[in-house]
Amino acid sequence: MNIQFLKYFITLAETQNFTQAAEKNNVVQSAFSSGIKKLEETLNCKLFFRDKRNVRLTKEGEILLPQAKSILSIWYDMETKFVAEQAKVLNLGVLDVLDFDEIVPMMKSFNELYGSYKINLIEGDTEVLCEKLLKEKLDAVFIKSIPTEKKLAYKIITEDKMVIGVPQTHSLAQKKEIDLSAIHQLPFIQRNNCNLYDEIQEVFSQKNIAPNIIFSANGDEVAKSLVASGLGITMLPKPKKELEGICCVSIKDVDFKRKIVLAWKKENVQNALKNLLSV
């Protein structure tokens, strides 16, 4: 039994997509598919139903999934027992205006697999966090833009489409999608922390769209509260769950995408970082 193949199995069960699962494991798709096939041959059963569009667990796969997670958790615990206590600390920087819900799934998966690690979360702006990263005061940072510093490596954690957030009582709340021009002259709450700010402003200018900016907010929670109160609309990343008092409407004619990036120093070979990147 190859531990790596179990890891492939868990990732595929969670993503239900061979391409995404291979990317998460940093291997080419052919090697990933081969690993899944070898695991099925070893267990003498089919673990996934596959067609051109869908990948889903078979009955045997559903039985194996919790067992595979348990085996990996035990394996990682064995590994960490041979690592010095100080290496069991993971120091992470988080952009202070980042919606933490966006990185919760990764943190949850890490905690499930590496429960013995203590995680220190340090907030700050991009410049401060990257400076601490270069000085090795942090193992990795969650930021909203791809770093330009050549000493840093990065991995895109999420890439979300931007939508228009409107109060539930707003006339646009009844629509599934709109052209961007529909927000012209509407009361608008501007999110100053948006890393797509310049790109959005350029499109506004090209299309002669001028929302009526009545509030400028540095944090997403402030902007969401203002929208939910009925004071205006905003543009925000499509949320993972429903927002109380807010309807999200897709933008038909423009494809804005927001990224969340995990960055680290290329020279960092700490086990803590390697384990985080493996999630």
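Let's start with the pieces that build the wall of the largest pocket: α1 (3-15), α2 (18-24), α4 (59-80), α5 (104-113) and β6 (152-167) each give at least two residues to its lining. Keep in mind as you look around that this is a predicted model.

How big is that pocket? Its volume comes to about 880 Å³. In total, 29 residues line the pocket, and T11, E14, T15, K24 and V279 are the ones that lie nearest its centre. If you sort the lining by character, you get 10 nonpolar, 8 polar and 11 charged residues.

Now let's turn to the aromatic rings. The structure holds 9 aromatic pairs. Take F9 and F48: their ring centres sit 5.5 Å apart with the planes at 55°, and because only angles over 60 degrees count as edge-to-face and those under 30 as stacked, this pair is called tilted. What parts of the chain does the pair link? F9 belongs to helix α1 and F48 to strand β1 (residues 48-50), so to speak distant parts of the chain, 39 residues apart.

Are these two rings buried or exposed? F9 has a relative accessible area of 0%, so it is buried. F48 comes in at 1%, which is under the 20% cut-off, so F48 is buried as well.

Another pair to find is F110 with Y114. Here the ring centres are 5.0 Å apart and the planes meet at 35°, so this pair is tilted too. Both residues are buried.

Finally, look for a group of rings: F5, Y8, F18 and F32 form one aromatic cluster.

Conventions:
Residues numbered from 1 in each chain as written. Predicted model: local features only at pLDDT ≥ 70, side-chain atom pairs only at ≥ 80, totals over all residues. Heavy atoms only, no water. 1 Å grid on protein atoms, 1.4 Å probe; cavity = no way out; pocket = protein on both sides within 12 Å on 5 of 7 lines; lining within 4 Å. Points joined across faces, edges and corners; volume = space filled by probe spheres on them. Helix = DSSP H or I, 4+ residues; strand = E, 2+ residues; numbered from the N terminus. Nonpolar A, V, L, I, M, F, W, Y, C, P; charged D, E, K, R; others polar. Phe/Tyr/Trp six-rings, centres within 6.5 Å; stacked < 30°, edge-to-face > 60°. Buried < 20%, exposed > 50% of the residue type's maximum accessible area, 1.4 Å probe, protein only.
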